[in-house]
Amino acid sequence: MALGKSNKLSQTAVLKQILKRCSSLGKKQGYDQEGLPLDVPKGHFAVYVGENRTRYIVPISFLTRPEFQSLLQQAEEEFGFDHEMGLTIPCEEVVFQSLTSMLR
């Protein structure tokens with residue numbers, strides 16, 4: 001589901017919030033001095049998917065795709081964006097893998 005033009009500013013703000021939250025989970029082992037995960041390449045972010053919360057690294061470009069925005073909307077409704085685990089996507093892993101393979 002794509003957001004309309006009237007929501008363009010709020011969409012940008014939400015996407016920035018998501019990226020900031022996903023890439024600044026604190027200074028722990030495996031994180032650099034700025035709190036960014038060492039195993040996440042530049043231009044990507046981590047999400048957690050499915051019942052087992054399997055971690056996937058996806059390109060930031062997915063954030064502009066309507067298909068991925070629909071998943072983000074579901075994630076916000078079910079989990080919100082303010083929790084320590086990172087961005088959790090509420091769908092089965094096989095569905096997520098299928099969707100992301102089509103977006104690449």
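Let me start with one residue. Setting aside neighbours within four places in sequence, Ile 57 touches Val 40, Pro 41, His 44, Phe 45, Ala 46 and Arg 104. This is a predicted model, so please take those contacts as contacts in a prediction.

Where does Ile 57 lie? It is in strand 2. One of its partners is Ala 46: the two are 11 residues apart in sequence, and their C-alpha atoms are 4.5 Å apart in space. On exposure, Ile 57 has a relative accessible area of 28%. Buried would need under 20% and exposed over 50%, so Ile 57 counts as partly exposed.

Now the chain around that residue. There are 3 helices and 3 strands, and along the sequence they come in the order α-β-β-α-β-α. Of the 104 residues, 33% are buried. Taking contacts with a separation of 6 or more, 48% are between residues 24 or more positions apart. The protein chain exposes about 6700 Å², with carbon and sulfur atoms supplying 53% of that area.

Next, confidence. The mean pLDDT of the protein chain is 77, and 62% of the residues score at least 70. Which element has the highest confidence, and which the lowest? Strand 2, residues 54-59, is highest with a mean of 93, while helix 1, residues 8-23, is lowest with a mean of 63. Over residues 1-6 the pLDDT is below 50, and this stretch has 8 contacts in the model beyond near neighbours in sequence. Where pLDDT is low, predicted coordinates should not be read in detail.

To come back to the start: Ile 57 belongs to strand 2, and strand 2 is where confidence is highest.

Methods:
Residues are numbered from 1 along each chain as its sequence is written. This is a predicted model: local features need pLDDT of at least 70, side-chain atom pairs count only at pLDDT 80 or more; totals for chains, interfaces and linings use all residues. Side-chain values use heavy atoms; hydrogens and water are left out. pLDDT is the predictor's confidence in each residue, from 0 to 100. Helices (H or I, at least four residues) and strands (E, at least two) are DSSP runs, numbered from the N terminus. Contact means heavy atoms within 4.5 Å. Buried means under 20% relative accessible area, exposed over 50%, partly exposed in between (1.4 Å probe, protein chains only). Accessible areas come from the Shrake-Rupley method with a 1.4 Å probe; for residues, only the protein chains shown count as cover.
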